[in-house]
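Visitor: I would like to learn how to read a structural model feature by feature. Could you take me through one, giving the general idea and then the case at hand?

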Amino acid sequence: MGQTLPRFEKAHGKSEAEIRRRILQAIFELRLPPGVRLTEEQLAETFDVSRTVVRQAIARLAQDGVLVKLPNVGTTVAAPSRKETRDILAVRKMVEPDIVRMLAAIRDGEGLDRLRAHLAKEQVARSRGDRGTLVRLTGEFHLLLAEISGNQVLTRLMTGLQTLTCLAILLYADQDDACPPDEHSRIMNAIADGDEETAAAEMLDHLLHVERDLQLDHRDERSSINDTIAWLRGDAEAQEK
Ligand SMILES: [Zn+2]
């Protein structure tokens, strides 16, 4: 990820993996809004591939929760509710401190070089005021951590979680830059120092900031009518939503 450029010289016939990567990249750059409808025809035409290839890409992204298939509606980009976003961040807070703890224990030189190169790119995008690229890169930082851990299951899990977080940023954040500046470098420095506890603590702090910026305390507008009806019925559980 991040290293290999798409093969532009190839006129058509993008692979299923390339299509998935492009769609994820579009979401990471906040170019693909949550809830937008995608059709097989449209994607097949865009990528100049057969609908079979598109269908495979859609199926895989739907499995990761990034796309949603609805009967009578078709395929849409996911639009996580506030409750879902809180759940996503809860899982991230369980998983990501342990990822960086593990990386601090390993202190793999090549991995650290990749992290440094990545943070340098973030810095360039930030100084240029290139917000789309910056948002994508800050999201990819979290995927890179999982990737460097060498655990494919983690990488796959984090891809889904990070992508849904990007969509939630578009829905709920006042500003588009979810990762506060400097926190990534603090995490990386702790990994480089082999300081497992600090790395984990910095990551947890960072995710709490991301969560705070998302303003998830409000109830979902989407479910508030249902909540009210349930409340009128005297269903106490509904108030916990
Ligand atoms: Zn971040």
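Guide: What follows goes from the overall layout to the sheet, the salt bridges and the nonpolar cores. Please keep in mind throughout that this is a predicted model.

Visitor: How many helices and strands does the protein chain hold, and in what pattern do they follow along the sequence?

Guide: A good habit is to take the inventory before any detail. The protein chain has ten helices and three strands, and when it is read along the sequence the pattern is α-β-α-α-β-β-α-α-α-α-α-α-α. Of its 241 residues, 45% count as buried. Among contacts between residues at least 6 apart in sequence, 75% join residues at least 24 apart.

Visitor: What is the order of the strands in the sheet, and which strands stand at the edges?

Guide: To read a sheet, one writes down the strand order and then asks which partners each strand has. Here the three strands form an open sheet in the order β1-β3-β2, with antiparallel pairing. Strands β1 (37-38) and β2 (67-70) are the edges, and because each has a single partner strand, one side of each is left without a neighbour in the sheet.

Visitor: How many bridges join β2 and β3, and how many join β1 and β3?

Guide: Strand β2 pairs with β3 (residues 74-77) over four bridges in the antiparallel sense, and within β3 it is Thr 76 that stands opposite Val 68. The pairing of β1 with β3 is also antiparallel and runs over two bridges, with Thr 75 in β3 as the bridge partner of Leu 38.

Visitor: Which residue in the hairpin of β2 and β3 takes a positive phi, and which helix lies across these strands?

Guide: The hairpin has three residues between its strands, and Asn 72 takes a positive phi near 70 degrees there. Helix α3 (residues 51-63) lies across β2 and β3, and its direction is at about 105 degrees to β2.

Visitor: How many salt bridges does the structure hold, and where do their partners lie?

Guide: Side chains of opposite charge can pair when their charged atoms come close. The structure holds 17 salt bridges, and a few examples show how to place the partners. Arg 20 and Glu 16 form one, with their closest N and O atoms 2.7 Å apart; these two residues are four apart in helix α1 (residues 16-28), so about one helical turn separates them. Arg 20 is buried, at a relative accessible area of 15%.

Visitor: Which parts of the chain does the salt bridge between Glu 40 and Arg 51 link?

Guide: In this salt bridge the closest N and O atoms are 3.2 Å apart. The pair links distant parts of the chain, since Glu 40 belongs to helix α2 (residues 40-47) and Arg 51 to helix α3, eleven residues apart. Arg 51 is partly exposed, with a relative accessible area of 38%.

Visitor: Is Arg 212, the partner of Asp 213, buried or exposed?

Guide: Arg 212 counts as exposed at 53% relative accessibility, while Asp 213 is partly exposed at 28%; the closest N and O atoms of this salt bridge are 3.5 Å apart. Elsewhere, salt bridges that share partners join Glu 29, Arg 31, Arg 136 and Glu 140 into one network.

Visitor: How many residues has the largest nonpolar core, and which helix gives the most to it?

Guide: In soluble globular proteins, nonpolar side chains tend to be buried together. The largest nonpolar core has 52 residues, and those with the most contacts inside it are Ile 23, Ile 27, Ile 99, Leu 115, Leu 145 and Ile 191. Helix α6 (residues 131-148) gives the most to this core, namely seven residues. Both domain 1 (16-77) and domain 2 (82-213) give residues to this core, so it lies between them.

Visitor: What does Leu 115 touch, and what does His 118 touch?

Guide: Leaving out residues up to four places away in sequence, Leu 115 touches Phe 141, Leu 144, Leu 145, Ile 148, Met 188 and Ile 191. A second, separate core has eight residues, including Leu 89, Ala 168, Ile 169 and Tyr 172. As for His 118, this residue lies in helix α5 (residues 109-128) and is buried, with a relative accessible area of 5%. With residues up to four places away again not counted, His 118 touches Leu 137, Glu 140, Phe 141 and Leu 144.

Conventions. Residues numbered from 1 in each chain as written. Predicted model: local features only at pLDDT ≥ 70, side-chain atom pairs only at ≥ 80, totals over all residues. Heavy atoms only, no water. Pairing = 2+ DSSP bridges. Contact = heavy atoms within 4.5 Å. Axes fitted to C-alpha atoms, helices over the stretch in contact; angles between N-to-C directions. Salt bridge = Lys/Arg side-chain N within 4 Å of Asp/Glu carboxyl O. Buried < 20%, exposed > 50% of the residue type's maximum accessible area, 1.4 Å probe, protein only. Core = buried A, V, L, I, M, F, W, Y, C linked by side-chain atoms within 4.5 Å. Domains from an automatic or database assignment.
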